[in-house]
Amino acid sequence: MSPEQKLPSLDGVKVVALVSVGAHPTSGRARRAEQDARAVELGLRLVGDKLRVLHAGDPAEEALRGYLGMGVPALHVLEQPPGADALPALGDTLRDVGAGLVLTGSQAETGEGSGLLPYLLAETLGWPLVVGLAAVEAVEGGQATVLQALPRGQRRRLRVRLPFVASVDSAAPAPRQSAFGPARRGELQVETTEIVQDSLFDSGELQPAKARPKRLKVIKAKTAADRFKAATAKASGDGGQVLKDLTPEAAAAAIFKVLREEGVVR
């Protein structure tokens with residue numbers, strides 16, 4: 001889909017894209033974040049230059065102009081020092097502007113990179129959260145019809161009430177290139193907000209994330225067709241059980257037991 005081919009319009013709905021400073025995977029050089037750029041791309045296709053792009057952090061960061069180069073006329077920056085908790089400032093700002101759809105990346109490329117911001121933001125605002133957004137198909141009667149990306153290229157159609165928060169998946173449209181001219185002409189609008197120090201971040205220690213090893217399934221097949229079928233078949237759980245009508249305490253105990261058995265927690 002080309003950048004000129006717009007998705008169904010969200011007339012009357014304020015769309016906000018949250019962006020952060022990314023890092024090149026090889027050199028580590030500061031740049032626009034890949035997933036956040038997809039959120040901006042989707043927002044531009046929905047509402048064009050009416051899209052509001054929002055960043056909480058240092059307004060002097062040059063990498064932010066990579067988003068302006070996508071054709072965004074202005075980028076709003078909530079000035080926050082390093083180590084500050086951006087969640088309260090973002091929540092207050094989104095309420096004040098009357099946002100109807102908030103688009104985010106799935107995970108930051110710098111800083112904590114926990115991927116928890118969309119969840120915490122939706123909880124703070126009391127809004128629904130859609131994870132893995134691939135497309136917005138229609139908006140009608142205060143509800144949006146969206147496509148959610150699932151593993152193995154599958155899609156699931158959901159109806160969600162407005163306003164809501166959505167983290168954009170890699171299946172969403174690829175971001176357009178950032179042009180130098182618009183990046184220099186675009187305006188960085190700095191806004192002062194209340195600063196809340198993140199005590200958990202101050203007491204924590206950052207370290208590179210390590211990918212957990214994946215279990216390999218041995219496929220015994222004689223022909224190429226059988227091997228292809230086994231490789232693309234849906235994974236089925238062995239020894240699983242469906243728990244129904246449990247108390248919250250019993251459900252939590254069952255989940256904790258599984259996490260212990262899988263070695264996720266110790």
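# Cores, helix H3 and a surface patch

User: Let's start with Phe 164: which residues does Phe 164 touch, not counting those up to four places away in sequence?

Analyst: Bear in mind that this is a predicted model, where local features need pLDDT of at least 70, side-chain atom pairs count only at pLDDT 80 or more, and totals for chains, interfaces and linings use all residues. Residues are numbered from 1 along each chain as its sequence is written, and side-chain values use heavy atoms, with hydrogens and water left out. A contact means heavy atoms within 4.5 Å. With residues up to four places away in sequence not counted, Phe 164 touches Gly 100, Leu 101, Val 102, Trp 127, Pro 128, Val 130, Ala 144 and Val 146.

User: Which element gives the most to the largest nonpolar core?

Analyst: A core here is a set of buried Ala, Val, Leu, Ile, Met, Phe, Trp, Tyr and Cys residues joined through side-chain atoms within 4.5 Å; buried is under 20% relative accessible area, exposed over 50%, partly exposed in between (1.4 Å probe, protein chains only). The largest one has 36 residues, with Val 40, Tyr 67, Leu 103 and Phe 164 making the most contacts inside it. At least two residues each come from several elements, including strand S1 (15-18), helix H1 (34-47) and strand S10 (164-168). With seven residues, the top contributor to this core is H1.

User: What do the buried residues of H3 pack against?

Analyst: Helices (H or I, at least four residues) and strands (E, at least two) are DSSP runs, numbered from the N terminus. H3 spans residues 87-97, and its buried residues are Leu 87, Ala 89, Leu 90, Gly 91, Thr 93, Leu 94 and Val 97. They pack against S1, strand S4 (52-57), S5, S6 and helix H4 (117-125).

User: Thr is polar on paper, so to speak; is Thr 93 buried or exposed?

Analyst: Thr 93 sits in helix H3, and its side chain reaches the backbone oxygen of Ala 89 at 2.8 Å. Leaving aside neighbours within four places in sequence, Thr 93 is in contact with Leu 54 and Leu 78. Because its relative accessibility is 9%, Thr 93 counts as buried.

User: And Thr 145: which residues does Thr 145 touch, not counting those up to four places away in sequence?

Analyst: Thr 145 belongs to strand S8. Thr 145 is buried too, with a relative accessible area of 11%. With residues up to four places away in sequence not counted, its partners are Val 136, Glu 137, Ala 138, Arg 157, Leu 158 and Arg 159.

Conventions: Polar contact = N/O pair within 3.5 Å; in protein donor to acceptor, adjacent residues only side chain to side chain.
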